[in-house]
Amino acid sequence: MKFAASRLDAVQPSASASVSQAAKAAKARGEDVIDLGLGEPDFDTPAHIVEAAHLAALRGETRYPPTHGTAEMRQAVVDKLQRENDLGYALDEVIVSNGAKQVLFNALMATLEPGDEVLMCAPYFGQYKDIVLILGGAPVALECPAENGFRLTPQQLEMAITPKTRWILLNLPSNPAGAVYSGEDLRALGAVLEAHPHVLVLSDEIYEHILFDGRAFLSFAAANPQLKDRTLTVNGVSKAYAMTGWRIGYGAGPKLLIAAMSKVQSQICSGACSVAQAAAAAALNGPQDEVAVFRAAFEARRDLVVERVARIAGLTLDPPGGAFYAFIGCAGLIGAQTPDGKTLEDDTAVTAYLLDDAGIAAVPGSAYELSPFFRISTATSLEVLDVAMDRIAASVAKLKERHDP
Ligand code: PMP
């Protein structure tokens, strides 16, 4: 009996979830595995945020919230976007959902016709492609190589736009590569889009606060005010406030788009958890000290990984500008022989070898549509990362016929 509808046929299970499963299975067999597959902050949600949820529940905020978000949380989003991003939105230009993931889903569900093309910058967050496939759209991957800092160029964008293009998805800074765009880069992309008024822009800014080397964050819509009326700014509290389990994300954009997204949301879930929205409002409105502490910790981890990779022949890594991943080039290992005589044909073979030999779970670049790379999450302690890098170095050193790429 086939249970799944044909629209799911094209969708692969999430690569990072599969890697985590393999890591868990290896752990269950008694193997000593360090799971660097999944990306979520290893910190606890700050206490004042947890307290706000508790108080909201005690106050009786336990009934169905308005579909597009509680008034308190939408106001917190409006204030946040004005204060931090210099973006002015009205309350009916904001929607609160179960994570940024649901914001993305609502937006694409509300707007895609079958066959509509959605441009995405490879390497990209896997969900982008899968939602588009589920909805019968056509994902179009634009290859953004390491040599250009994994950034999309205006020329590439211009070449990729067709009459069927519905969206361009941007991720600032990006998962998995930590790509960062300057104001000039964003304005150059905006200048291309100005000439194509049928294209909508989705700017996923969930890693906004995890930005390194003293960089200041600039939203796409703030860099391109002339495109604000066709830009959806997506953000959430998962990464900045260590709140992945609370499932709160939000989107801000043109009123009619937000209304269409709200229609989708009303059928799926009637809105996001009221108590979690109270917590998220406290996160946005409250003290931001912990955000800075988390950011500094992620930067120190980034530094450790960059420094260690530089000493491993066959691997390459330019310092990621943000987010909490390292997208490590492994061209120098392709074609090398493992101690038991296997040839590493591609980055999936490299990650299988690392799991088997080093006990390190990492996700192959093919999952993000750019090879040969592998992604490790740096959302774990310096001590664990130190051991993990030792083990990667030792396993790579055992390979025969490595070369410097
Ligand atoms: N966008 C990107 C680029 C992400 O990496 C993630 C989480 N991995 C999300 C969106 C979703 O975040 P959430 O649903 O937890 O808000």
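Trainee: How do helix 3 and helix 10 lie relative to each other?
Mentor: This is a predicted model, in which local features need pLDDT of at least 70, side-chain atom pairs count only at pLDDT 80 or more, and totals for chains, interfaces and linings use all residues. Residues are numbered from 1 along each chain as its sequence is written. Helix 3 (residues 71-85) and helix 10 (residues 274-285) pack at an angle of about 25°, their axes 9 Å apart, with angles running from 0 to 180 degrees between N-to-C directions. Under 35 degrees counts as roughly parallel, over 145 as roughly antiparallel, 65 to 115 as roughly perpendicular and the rest as oblique, so these two helices are roughly parallel.

Trainee: How many nonpolar residues does the contact of helix 3 with helix 10 have?
Mentor: Helix 3 brings E72, M73, A76, V77 and K80, while helix 10 brings Q277, A278, A280, A281, L284 and N285 (contact: C-beta atoms within 7 Å). By class, two of the residues are polar and two are charged, and the nonpolar ones number seven.

Trainee: Why is helix 2 described as oblique to helix 10?
Mentor: Helix 2 (residues 47-58) passes helix 10 with the axes coming within 8 Å. The two axes cross at roughly 140°, and that makes helix 2, relative to helix 10, oblique.

Trainee: And how many charged residues does the contact of helix 2 with helix 10 include?
Mentor: From helix 2 come H48, I49, V50, A52, A53, A56 and A57, and they meet S274, V275, A276, A278, A279, A282 and A283 of helix 10. These divide into 12 nonpolar and two polar residues, while the number of charged residues is no more than none.

Trainee: Let's turn to the sheet. Which are its edge strands?
Mentor: The sheet is open, with seven strands in the order 2-8-7-6-5-3-4 and mixed pairing (strands pair if DSSP finds at least two bridges between them). Each edge strand pairs on one side only, and these are strand 2 (94-97) and strand 4 (138-143).

Trainee: Which residue of strand 8 is the bridge partner of T233?
Mentor: Strand 7 (residues 231-236) and strand 8 (residues 249-252) run antiparallel and are joined by four bridges. For T233, the partner in strand 8 is A252.

Trainee: What angle does helix 4 make with strand 8?
Mentor: Two helices can be placed on the sheet here. Helix 3 touches strand 2 and strand 8, its direction making about 120° with that of strand 2. Helix 4 (residues 99-111) touches strand 2, strand 5 (165-171), strand 6 (200-204), strand 7 and strand 8, and its angle with the direction of strand 8 is about 40°.

Notes:
Nonpolar A, V, L, I, M, F, W, Y, C, P; charged D, E, K, R; others polar.
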